[in-house]
Each structure stands twice: as structure tokens, then as C-alpha cells.
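Reader: I would be grateful for a close examination of one part of this protein, set in the context of the whole chain. Please take a single residue as the point of departure and work outwards from there.

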Amino acid sequence: MIAPKGSIYSSTALANRQREVKDVADQQVVYITENGNGAYIFCSEDIFERELQQAREEARYEAEMEYVIRRGLQDIENGRYTTDVQGFVADMLAERGLDG
């Protein structure tokens with residue numbers, strides 16, 4: 001299991017130290033445990049939206065990387081590659097109208 005990023009409080013702390021837990025939840029995700037096991041996640045709406053946005057960006061990045069890797073593998077399988085690095089650079093510069 002990946003360690004959570006945020007603060008961890010027991011359910012007893014949530015009951016007895018509400019202000020402290022809420023103050024932390026205004027800044028980051030708070031994990032609430034019961035009997036030492038993860039049970040709940042608590043945060044402000046702003047933090048929740050930030051976490052959702054970050055998750056969306058990470059999912060988009062992962063999908064793009066998967067596409068690029070899959071396409072690269074297909075290019076290799078179909079012989080669309082070169083081992084001539086200098087020639088490749090020269091071709092790319094020429095294609096862009098730049099001097100090599």
C-alpha cells in the first residue's frame with residue numbers, strides 16, 4: 001500500500017480535537033483511522049477540488065504516455081525508426097527549415 005500524503009488522525013482525535021483536525025483539513029487531506037486502520041478521508045472542499053484536479057491531470061498524463069509508448073512500439077515493429085542519430089537530427093532541422 002502506498003503511504004497516504006496528508007495527516008493521519010484517529011477517530012478519537014477527530015472527536016476531541018475538532019478544531020485542530022479542521023485546520024489541517026483546510027490545508028491538506030486528513031486520514032481518519034479506527035482501531036489503527038484507515039477508515040475515512042476528510043478535507044475542505046477546496047482541497048477536495050485540488051485533489052480531483054490533480055487526479056485528472058495525472059490520469060490524462062498517464063493516458064498520453066500509454067498512447068506514445070504504444071505508438072513507439074508500433075513504429076519499431078513496422079521498421080519506422082533509425083539508428084543514425086546525426087542523420088535524424090539533420091533531417092529534423094531541414095524539415096523545420098533550420099540550419100544544421
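Author: The residue chosen is L73, which lies in helix α3, spanning residues 45-77. The model under discussion is a predicted one. L73 has a relative accessible area of 48% and is therefore classed as partly exposed, since that class lies between the 20% limit for buried residues and the 50% limit for exposed ones. L73 also belongs to a nonpolar surface patch of about 650 Å², which it makes together with Y61, M65, I69, I76 and Y81. Membership of such a patch requires a relative accessible area of over 30%, so the 48% of L73 satisfies that condition.

Further along the chain, G79 is placed in the loop between α3 and α4, the latter covering residues 85-95. G79 has a relative accessibility of 47% and so counts as partly exposed. From G79 to Q54 there are 25 residues along the chain, and their C-alpha atoms are separated by 37 Å.

The setting of helix α3 is a protein with four helices and three strands. Along the sequence these elements follow the order β-α-α-β-β-α-α. The C-alpha atoms occupy a box of roughly 70 × 30 × 20 Å along the principal axes. The radius of gyration is 25 Å, whereas a compact globule of 100 residues would have a value near 13 Å. Among the contacts with a separation of 6 or more, 13% are between residues 24 or more positions apart.

The surface and the interior may be considered next. The accessible surface of the protein amounts to about 8400 Å², and carbon and sulfur atoms account for 52% of this area. Of the 100 residues, 14% count as buried. In soluble globular proteins, nonpolar side chains tend to be buried together. Here the largest nonpolar core comprises seven residues, namely Y9, A13, V21, V24, A25, V30 and I32. Both α2 (18-25) and β2 (30-34) supply at least two residues of this core, and α2 gives the most, with three.

Within that core, V21 offers a view of the packing. Apart from neighbours within four places in sequence, V21 is in contact with Y9, A13, L14, V30, I32 and F42. Of these partners, Y9, A13, V30 and I32 are themselves listed in the largest nonpolar core.

To return to the starting point, L73 is partly exposed and contributes to the nonpolar surface patch, while the seven-residue core is made by other residues, including V21 and V30.

Definitions and conventions:
Residues numbered from 1 in each chain as written. Predicted model: local features only at pLDDT ≥ 70, side-chain atom pairs only at ≥ 80, totals over all residues. Heavy atoms only, no water. Patch = residues over 30% accessible without salt bridge, like charges linked within 9 Å, V, L, I, M, F, W, Y side chains within 5 Å. Areas by Shrake-Rupley, 256 points an atom, 1.4 Å probe, with all protein chains shown as cover. Salt bridge = Lys/Arg side-chain N within 4 Å of Asp/Glu carboxyl O. Buried < 20%, exposed > 50% of the residue type's maximum accessible area, 1.4 Å probe, protein only. Rg over C-alpha atoms; globule rule 2.2 N^0.38 Å. Contact = heavy atoms within 4.5 Å. Core = buried A, V, L, I, M, F, W, Y, C linked by side-chain atoms within 4.5 Å.
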